[in-house]
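Colleague: Please take a close look at one part of this model, namely whatever empty space is closed off inside the protein, and tell me what surrounds it. I would also like to know how far the coordinates can be trusted.

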Amino acid sequence: RVMMGQGITPAAHHPVTRQMDNRDLSEFLGEIRKDAARTFIKLPKHHEFVRVFCDAKEMPAATAMQAPLAPVQPPANSTVQPTSLSTALFNPNPTIQTIALTNGQEVYVIDDFAQDPDALLRLAQSASSQFQTRPGHPYPGPQWDLLAPISAQLDHYFEQHLRARLQTGPAMASYGRFSRVTQTPATLGAVQRICHTDDSNIAPEQMISAAVHYLFQDAQLGGTVFFRSRMSDPDTQAFLIDATSMDGSTFGSKYGIPAGYMTQSNPYFEVIGRVPARWNRVVFYDGRIFHSGDIQGTSPAAYQAAMGRLTINAFFKSQKPHSAATLKP
């Protein structure tokens, strides 16, 4: 994009693409997109890069939290005013519920999370044409990256209210997006029909925390369900490798898992807790916990209507706490 902005355009496409059919080419480009996303989330924050490589003093945490956010222009047809994105979007005095999972882990729920959730919904509606289903990405529907001020406020909110609860180390990077579930159960591939974690492809000394913010009124469209593996660690890893390398039919035949969203216990994973969906509710959790959207699929048309099951999904990468990093086996 930088070169195209300077008037440098490609003269031709790579000849290897002539040897691929549309499906192979889509998978090839999908892998490139996934590699880019994995690299992005591993990058340091801008102020951290400046501090390390330019010998600049880091802004004090309190100052950074209180700094006004520069307004960013939303989509041209949006009814959201630019100035509204520089004010506090999220409840500054939340009541944080601790939900204990049956394996002893905890997740954290905040109701009435956004101060004006309808504004976020209108913003997503105004940008509906910019939502894209990304080739090779396992999420079962289209996505749109959050505007920078929203993403920054989510990051600040996590620092202020959730980091201590989730027992993470120093912050490294964050990422957020609007997401919709639109894929019908019968069309799901192998990796889409099982639960997952959010911490793949990060260094051993790092961890991911995550959040899902429900922006839909119909609670039957599904909240979030959490699991633990019933398998040994090596068997769990072998299972996950098969899910990412096999097509749906082969995987289903090997493990007896038909196409569909995973919402119940099976021979491989056990449900350890659920958070029901509720308008303007958010759940924060450790990304190392297996989880899935609680998509029962009882009314497929409801997922397609308007914005359907609209959520904000956010991910916060950090170092593991020093105490955990120095433990010896």
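Modeller: What follows is one connected answer, starting with the setting and ending with the cavities.

This is a predicted model, in which local features need pLDDT of at least 70 and side-chain atom pairs count only at pLDDT 80 or more, while totals for chains, interfaces and linings use all residues. Residues are numbered from 1 along each chain as its sequence is written, and side-chain values use heavy atoms, with hydrogens and water left out.

The protein has 10 helices and 10 strands, taken as DSSP runs numbered from the N terminus (H or I, at least four residues, for helices; E, at least two, for strands). Of its 329 residues, 43% are buried, that is, under 20% relative accessible area with a 1.4 Å probe, protein chains only.

As for trust, pLDDT, the predictor's confidence in each residue from 0 to 100, has a mean of 83 over the protein, with 72% of the residues at 70 or more. Residues 56-72 fall below 50, although beyond near neighbours in sequence this stretch has 22 contacts in the model, a contact being heavy atoms within 4.5 Å. Residues 323-329 also stay under 50, and for them the model has 0 contacts beyond four places in sequence. Where pLDDT is low, the predicted coordinates should not be read in detail.

Turning to the empty space, the structure holds 2 cavities of 30 Å³ or more. A cavity here is a set of points on a 1 Å grid over the protein atoms alone where a 1.4 Å probe fits but cannot get out, and lining residues have an atom within 4 Å of a point; the volume is the space filled by probe spheres set on the points, which are joined across faces, edges and corners.

The largest cavity has a volume of about 80 Å³, and its lining includes the run Val 181, Thr 182, Gln 183, Thr 184 and Pro 185, together with Tyr 261, Ile 295 and Gly 297. Helix H9 (residues 300-304) gives the largest share, 3 residues, and the lining as a whole divides into 6 nonpolar, 5 polar and no charged residues.

The second largest cavity, about 40 Å³, is lined by Phe 113, Leu 154, Ala 211, Val 212, His 213, Val 282, Ile 312 and Ala 314. Strands S5 (206-214) and S10 (309-319) each supply at least two of these residues, and S5 has the largest share with 3. This lining divides into 7 nonpolar, 1 polar and no charged residues.

Notes
Buried < 20%, exposed > 50% of the residue type's maximum accessible area, 1.4 Å probe, protein only. 1 Å grid on protein atoms, 1.4 Å probe; cavity = no way out; pocket = protein on both sides within 12 Å on 5 of 7 lines; lining within 4 Å. Nonpolar A, V, L, I, M, F, W, Y, C, P; charged D, E, K, R; others polar.
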